[in-house]
Amino acid sequence: MSMEKLQLLLARGTGHKSVEDDLFKTVDDSLKVYRRVGVFEITDQSDELRCTDNFQCNVDGCTASFTSMADYDSHYNSNHRYTCIYCRKLLQSAHLLDLHLSETHDNFFKVSSVKKPMFKCFIVTCQTQFWNSEERNVHCKEIHNMSKSFLQHYGNKKNQKNRKKTKYTAPPNLESMVESSMVIN
């Protein structure tokens with residue numbers, strides 16, 4: 001009996017079958033799995049462009065409202081996508097946001113930038129690092145032909161002041177403090 005079923009299946013052939021194929025008919029008649037029931041609305045307009053009731057932007061403090069997902073996406077991408085969570089500064093890319101967070105809000109960066117070049121280039125693919133933002137700005141202007149207006153807009157006033165190449169010097173008695181208070185197991 002199982003050989004008969006195998007021969008029946010092999011006789012059906014291989015490949016994709018249509019829902020109306022006889023193979024599915026007996027199952028569909030009993031379980032109604034493949035039955036098409038209901039009315040489907042087919043429109044030329046995609047779901048993203050379809051208008052809906054007004055809805056609010058979900059970002060805290062933003063009061064913008066929209067009637068379509070396309071309008072909301074446009075608003076979110078231009079106003080919230082790369083926004084600093086600390087100071088709400090809007091940046092143009094994930095790379096620039098990462099640079100901003102490091103250079104402006106990261107204490108480890110501030111300490112490390114005194115010891116070694118930490119200021120990365122604005123161009124993601126450029127791996128050059130600098131001692132301060134002024135050196136980076138000169139590099140970006142001369143090597144990557146970045147506009148002066150971009151560099152002024154992005155420029156961090158805090159980093160442009162007092163960021164000179166200085167040699168790191170340890171505070172007095174640092175070695176004695178480390179040796180007396182550190183225990184290594």
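Here are three short exercises on a predicted model of a protein chain.

**Exercise 1: The overall layout**

Find how many helices and strands the chain has, and in what order they run.

*Solution.* Start with the totals: the secondary structure amounts to nine helices and four strands. Next, walk along the chain from the N terminus, and the elements come in the order α-α-β-β-α-α-α-β-β-α-α-α-α.

**Exercise 2: Inside and outside**

Work out what share of the chain is buried, and how much area the chain exposes.

*Solution.* Take burial to begin with. A residue counts as buried when its relative accessible area is under 20%. By that cut-off, 23% of the 185 residues are buried. Now turn to the surface: the chain exposes about 14500 Å², and carbon and sulfur atoms supply 55% of that area. To finish, look at the contacts between residues at least 6 apart in sequence: 26% of them join residues at least 24 apart.

**Exercise 3: The nonpolar cores**

Locate the largest nonpolar core, say which helix gives the most to it, and then look for a second core.

*Solution.* The largest nonpolar core has 16 residues. Within this core, L96, F122, C140 and Y154 have the most contacts. Helices α4 (94–105) and α7 (148–154) each supply at least two of the core's residues. Of the elements, α4 gives the most, with three residues. Now zoom in on L96: leaving aside residues up to four places away in sequence, L96 touches L91, F122, F150 and Y154. The last step is the second core, which is separate and has five residues, including C57, V59, C62 and Y72.

Technical notes:
Residues are numbered from 1 along each chain as its sequence is written. This is a predicted model: local features need pLDDT of at least 70, side-chain atom pairs count only at pLDDT 80 or more; totals for chains, interfaces and linings use all residues. Side-chain values use heavy atoms; hydrogens and water are left out. A nonpolar core is a set of buried Ala, Val, Leu, Ile, Met, Phe, Trp, Tyr and Cys residues joined through side-chain atoms within 4.5 Å. Buried means under 20% relative accessible area, exposed over 50%, partly exposed in between (1.4 Å probe, protein chains only). Contact means heavy atoms within 4.5 Å. Accessible areas come from the Shrake-Rupley method with a 1.4 Å probe; for residues, only the protein chains shown count as cover.
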